[in-house]
Amino acid sequence: MSQVPDGDGPVTENRAAENYDAVIVGAGLAGLYQLYLLRQLGLHARIIEAADGVGGTWFWNRYPGARCDVQSMSYSYSFSPELEQEWEWTEKYPTQPEILRYLNHVAERFDLTRDITLSTRVVSAQYDDATARWTLRTDTGSTMTAQFVIMATGCLSASKLPEIPGLERYRGRKHHTARWGKEEIRFDGLRVGVIGTGSSGIQSIPIIAEQAADLTVFQRTPNFSMPAGNRPLEPGEVAELKASYRGWREAQRTSRAGIPAPEATEFALAASPGERAARYQAAWEKGDLVSLGGCYVDILIDPAANETAAEFIRSKIRAVVHDPETAETLSPRTFPFGTKRPCLDTGYYATFNRPNVHLVDLRMTPLIEFTESGLRTSAAEYEFDAVVFATGFDAMTGALAAIDIRNGNGLSLSSVWTAGPRTYLGVAMAGFPNLFTITGPGSPSVLSNMVVSIEQHVEWISDLIAYLREHGYAAAEVTAEAEESWVTHVAEVGSLTLFPRANSWYMGANVPGKPRVFLPYIGGVGAFRQKCEEVAASGYEGFTLRRAGELAAV
Ligand code: N01
């Protein structure tokens with residue numbers, strides 16, 4: 001399996017430290033833009049990236065059918081009008097290869113590549129209070145120091161294998177959707193097992209089913225999925241959006257999820273069943289992630305209202321899947337619609353009408369172990385030539401926890417986060433000066449169009465760094481009070497919704513032993529931006545800013 005070690009590669013050499021103003025960890029969407037902006041400020045900055053190419057999530061997730069669930073014209077950088085105009089997206093929803101080509105183009109076009117070190121994993125970051133600098137070590141033995149460290153490590157980047165005994169015993173091919181090899185992987189004529197029915201499983205299963213002789217899908221929790229309605233983009237609609245891009249970008253920034261959509265004003269339970277059905281059907285036909293949940297104000301806060309939307313989707317599953325028992329097994333009933341990330345698909349439910357596809361309900365017959373030739377559940381033994389793990393990620397905190405991050409007192413970030421992550425605005429942590437996380441826990445991030453949230457955080461971090469330099473400050477550190485009040489606010493807003501009712505990765509529930517905390521901020525992209533702008537306008541309320549002469553007093 002093309003699985004890389006998470007943060008524990010061997011340290012092989014010792015070289016003299018390289019000194020930077022800023023080190024950015026990760027060359028995905030976030031890291032590339034951060035490097036671009038820090039360069040504009042005149043900083044000597046460098047990206048360190050574990051992969052042997054740029055692209056972050058779009059470098060790793062090369063599984064069949066991988067594409068973004070946010071539409072091409074919106075899932076793209078807004079910082080360069082020239083880039084917006086010259087790049088040609090070809091489909092409503094962009095494929096992984098197309099997004100990766102775009103990100104490679106961005107790296108070349110803005111001459112970012114010369115300041116990116118590839119195939120190098122940051123394994124530790126240690127702060128020194130006296131100098132206000134971080135020392136970073138990598139798995140190639142290199143060491144570097146930097147005044148600022150910016151973690152562009154991604155929300156969904158630490159891939160996760162299932163906790164099933166005997167994995168090492170299994171002799172067949174193994175593939176994780178988030179660590180897919182670069183070479184073409186096909187399943188023609190093979191007996192294949194897929195574990196997991198989240199976004200990655202739901203996108204890849206229909207394509208694997210077309211290739212495999214026989215496909216068995218192991219489902220622990222069925223998910224809500226809606227048809228993507230993907231199609232080629234018409235030249236006319238591309239031209240129209242390109243002509244109105246500035247207004248569209250502004251609408252993205254002030255919207256709830258970074259995707260402009262009308263705000264609901266009515267309550268589901270106040271509408272008649274006929275009115276609801278018509279509204280849900282219209283949303284369904286739009287083929288996007290936000291329209292159905294956005295039909296009524298109470299869908300994500302009132303279980304009875306939510307159930308009307310959930311049942312609408314179940315009726316769609318029953319209409320597609322021929323076998324009523326299979327349709328029922330595919331129908332989510334254990335969590336409210338929207339509280340686990342819904343999916344967009346192309347032919348997912350119809351795949352279960354194929355004679356070569358079988359569904360195993362792990363709630364009825366749990367997985368027991370891998371064998372040499374396959375998998376054993378409590379009811380049967382299965383032989384496979386290949387097993388695909390679509391088992392997700394240690395979301396939002398996993399990539400940060402994989403780096404040994406320590407403050408001036410030797411305290412590790414992981415030890416401070418044992419009861420759950422603590423941040424101010426998802427961007428900075430008390431006790432860890434000059435360390436920033438792009439779309440960290442406590443920010444809208446995964447509940448939004450990631451590009452919009454990434455650009456907002458990157459610009460905000462860059463403005464803060466510019467402010468520190470202009471005013472002669474050496475270090476910025478969040479106060480414990482500001483952090484505490486933000487953590488409380490994030491939890492309070494989350495608790496007003498139905499999200500805590502699901503065993504989702506949003507809640508950390510997919511990783512055994514992970515604290516049960518609602519990780520993202522659900523206050524909305526527009527409201528969050530406004531809060532961040534107020535903090536900046538106040539001279540960075542919630543931060544203690546220190547000049548070089550004040551450092552020793554820390
Ligand atoms: O991962 P997931 P993903 N035994 O965690 C199952 C983004 N994304 O990679 O639900 C058996 O959603 C697990 O079961 P359960 C998007 O934000 C976006 O699919 O925990 N099963 C679940 O079915 C998405 O939400 C895009 O009961 C086990 C599955 O594996 C996020 O990434 C595309 C198991 C994991 O689903 C993660 O998606 C892809 C076990 N031991 C991803 N462990 C697009 O934009 C886990 N499972 C299109």
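Strand β13 and strand β14 (residues 374-377) pair in the antiparallel sense, with 3 bridges between them. The model analysed here is predicted. Phe 370 finds its bridge partner in β14, at Leu 375. The two strands form a hairpin, and 3 residues lie between β13 and β14.

The pattern continues on the other side of β14. Here β14 and β15 pair, again in the antiparallel sense, over 3 bridges. Leu 375 has Tyr 382 as its bridge partner in β15. A hairpin is formed by β14 and β15 too, with 3 residues between them. Leu 375 thus appears in both pairings: it is the partner of Phe 370 and of Tyr 382.

Together these strands make up an open sheet of 3 strands. Its order is β13-β14-β15, and the pairing is antiparallel. β13 (367-370) and β15 (381-383) each have a single partner strand, so they stand at the edges and one side of each is left without a neighbour in the sheet. On average, neighbouring strands of this sheet are turned by 20° against each other, direction ignored. In general, strands of a sheet pair through backbone hydrogen bonds, in either the parallel or the antiparallel sense.

Parallel pairing is found in another open sheet, one of 5 strands. The strand order is β7-β16-β8-β9-β12. Its edge strands are β7 (173-176) and β12 (357-361), each of which pairs on one side only. For this sheet, the average turn between neighbouring strands is 20°, direction ignored. Within the sheet, strand β8 (residues 191-195) pairs with strand β9 (residues 214-219) in the parallel sense. This pairing runs over 5 bridges. One bridge joins Gly 193 to its partner Thr 216 in β9.

The ligand was examined next. Around the ligand there are 25 residues. Those that come nearest are Arg 67, Ser 200, Arg 220, Thr 221 and Lys 340. By class, the shell divides into 9 nonpolar, 9 polar and 7 charged residues. Helix α5 (residues 199-211) supplies the largest share of the shell, 3 residues.

Polar contacts to ligand oxygen atoms involve both backbone and side-chain atoms. Thr 197 places a backbone N or O atom 2.9 Å from an oxygen atom of the ligand. For Arg 220, an N or O atom in the side chain is 2.8 Å from a ligand oxygen atom. A polar side-chain atom of Arg 341 lies at 3.3 Å from an oxygen atom of the ligand. Taken alone, the ligand exposes 910 Å². The protein buries 90% of that area.

Aromatic pairs were also counted. The structure holds 40 of them. One such pair is formed by Tyr 506 and Phe 518. A pair of aromatic rings is described by the distance of the centres and the angle of the planes. The ring centres of Tyr 506 and Phe 518 are 6.4 Å apart, and the planes stand at 70°, so the pair is edge-to-face. The assignment follows because planes over 60 degrees apart count as edge-to-face. Both residues sit in the loop between α14 (480-495) and α15 (525-537). Tyr 506 and Phe 518 are 12 residues apart in the chain.

Notes
Residues are numbered from 1 along each chain as its sequence is written. This is a predicted model: local features need pLDDT of at least 70, side-chain atom pairs count only at pLDDT 80 or more; totals for chains, interfaces and linings use all residues. Side-chain values use heavy atoms; hydrogens and water are left out. Two strands pair if DSSP finds at least two bridges between them. Helices (H or I, at least four residues) and strands (E, at least two) are DSSP runs, numbered from the N terminus. Axes are lines fitted to C-alpha atoms, for helices over the stretch in contact, and angles run from 0 to 180 degrees between N-to-C directions. A residue is near a molecule or strand if one of its heavy atoms lies within 4 Å of it. A polar contact is a pair of N or O atoms within 3.5 Å; within protein, one must be able to donate a hydrogen and the other to accept it, and residues adjacent in sequence count only if both atoms are side-chain atoms. Accessible areas come from the Shrake-Rupley method with a 1.4 Å probe; for residues, only the protein chains shown count as cover. Ala, Val, Leu, Ile, Met, Phe, Trp, Tyr, Cys and Pro count as nonpolar, Asp, Glu, Lys and Arg as charged, and the others, Gly among them, as polar. Rings of Phe, Tyr and Trp (its six-membered ring) pair if their centres lie within 6.5 Å; planes under 30 degrees apart count as stacked, over 60 as edge-to-face and the rest as tilted.
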